[in-house]
Amino acid sequence: MSDRHYAELAEKLARTGDLSDGEFLEVIECRDPEFSELLAEKAREVREKYYGKDVYLRGLIEYSNICRNNCRYCGIRRGNKNVERYRLTKEQIIECGDTGYELGFRTIVLQGGEDPFFTTERMAEIITELKERHRDCAVTLSIGELEKDDYRRLFDAGADRFLLRHETADKEHYSLLHPEEMSFDHRMNCLKTLKEIGYQVGAGMMIGSPYQKPEHLLKDLRFLQSFKPEMVGIGPFIPHHDTEFADREAGSVALTLRLLSVIRLILPDVLLPATTALGTLDPKGREKGLLAGANVIMPNLSPTNVRGKYLLYDNKICTGEEAAECIRCMERRVESVGYKVATVRGDHVSKRKE
Ligand code: SAM
Ligand code: FES
């Protein structure tokens with residue numbers, strides 16, 4: 001394919017936020033690094049228009065690795081008997097939040113397996129306390145599938161955002177990644193409900209997950225275009241040795257970076273993290289993610305003694321450092337690519353409260 005053709009595709013995507021199915025498939029399938037750089041340049045222009053040079057940090061508290069689900073790709077799935085399970089107490093979670101606040105985080109993300117101990121009431125209490133202690137902080141939840149009343153109760157308690165990756169927009173592919181008791185329709189309904197309630201919502205998918213075809217990624221892009229989430233989390237699939245996908249290949253860093261640029265161009269003001277999975281496969285993965293159009297980084301705030309137990313995939317990075325070291329390391333990384341960490345809530349432009 002000619003350079004001119006690539007330049008035209010990149011220009012059309014940047015100008016219209018859209019391509020035909022065939023053109024999107026070309027973008028997904030082409031392996032030319034120069035085309036990636038062309039898309040990344042356009043993506044940076046767009047991210048700078050909405051967010052300048054700012055990078056938002058989210059302090060991630062992995063509060064429990066106990067999960068009732070059995071997602072086939074996930075290291076902490078219920079069926080993995082080799083995991084040393086833990087759950088943080090409310091006091092520990094609040095303490096992590098306090099530490100995060102002192103370090104400059106203005107968004108706390110509570111992420112965990114679907115642990116039945118954390119009932120909606122318990123979660124609501126934690127959210128209320130976090131928000132009372134740190135009034136200028138946002139709380140993001142990444143706690144899986146619940147019913148509408150529960151999502152509403154947690155929103156009323158003060159939760160601002162919710163991350164729930166759709167994982168794949170293809171129903172059949174979904175059924176290959178999840179056990180029979182998990183439902184594609186339920187997950188998609190959860191996303192709709194979260195949006196109706198008023199959360200800033202994050203969808204997303206793994207890149208290179210088992211059985212994934214370019215057509216599935218095309219469907220993912222079409223879904224993102226129509227659902228218009230405020231946040232999109234994408235990262236490469238990475239095998240975990242205690243899952244049935246242990247011998248699968250990891251997803252491609254290059255394709256993840258290219259899709260970060262594409263997502264920035266189809267959803268110009270989206271909050272887009274450069275994920276830990278990207279940093280796990282490539283030591284400069286998160287920096288490259290920022291240069292491809294990402295504008296969010298999510299350093300770990302969990303106590304060091306539990307970090308090594310929240311292993312969704314093998315070789316996960318940042319499992320040793322204290323929170324203070326993590327934030328300094330992130331600041332250095334962000335500055336190394338010409339951006340700067342902003343000590344603000346970092347809401348989606350359509351829901352700015354600061
Ligand atoms: N339980 C919550 C949920 O289901 O949304 C939050 C935790 S879940 C572990 C967070 C995300 O980790 C999933 O949405 C999935 O995309 C990602 N993940 C799980 N296993 C992974 C793997 N082996 N490689 C890369 N990402 C993985
Ligand atoms: Fe529940 Fe992965 S299976 S967090």
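## A tour from the ligand outwards

Start by selecting ligand 1 and the residues around it: there are 19, and C74, G144, R165, L312 and Y313 come nearest. Keep in mind that this is a predicted model. Now colour the shell around ligand 1 by residue type. It divides into 10 nonpolar, six polar and three charged residues.

Next, zoom out to the whole protein and switch to a cartoon view. You should find 14 helices and nine strands. The C-alpha trace spans about 60 × 45 × 40 Å along its principal axes. How does the radius of gyration agree with that of a compact globule? For 354 residues, a compact globule would have a value near 20 Å, and the protein has 19 Å, so the two agree. Of the 354 residues, 47% count as buried. Contacts also link parts of the chain that are distant in sequence: among contacts with a separation of 6 or more, 77% are between residues 24 or more positions apart.

Now select the strands β2 to β7. Six strands form an open sheet here, in the order β2-β3-β4-β5-β6-β7, with parallel pairing. Which strands stand at the edges? They are β2 (59-64) and β7 (231-236); each has a single partner strand, so one side of each is left without a neighbour in the sheet. Turn the view to look across the strands: the twist averages 20° from one strand to the next.

Stay with the sheet and select residues 107-112, which are strand β3, together with residues 138-142, which are strand β4. These two strands pair in the parallel sense over five bridges. For one pair to label, take I108, whose bridge partner in β4 is V139.

The last stop is a loop. Select the stretch between α13 (304-307) and α14 (323-336), where N315 is placed. C318 lies in this loop between α13 and α14 as well.

What should you look for in the backbone here? Most residues other than glycine have a negative phi. N315 is not a glycine, yet its phi is positive, at about 65°. C318 is also a residue other than glycine with a positive phi, near 60°.

Are these two residues buried or exposed? A residue needs 20 or more other C-beta atoms within 10 Å to count as buried, and 12 or fewer to count as exposed. N315 has 13 within 10 Å, so it is partly exposed. C318 has 18 C-beta neighbours inside 10 Å and therefore also counts as partly exposed.

Key
Residues numbered from 1 in each chain as written. Chains lettered and ligands numbered in written order. Predicted model: local features only at pLDDT ≥ 70, side-chain atom pairs only at ≥ 80, totals over all residues. Helix = DSSP H or I, 4+ residues; strand = E, 2+ residues; numbered from the N terminus. Near = placed C-beta within 6 Å. Nonpolar A, V, L, I, M, F, W, Y, C, P; charged D, E, K, R; others polar. Pairing = 2+ DSSP bridges. Axes fitted to C-alpha atoms, helices over the stretch in contact; angles between N-to-C directions. Rg over C-alpha atoms; globule rule 2.2 N^0.38 Å. Contact = placed C-beta atoms within 7 Å.
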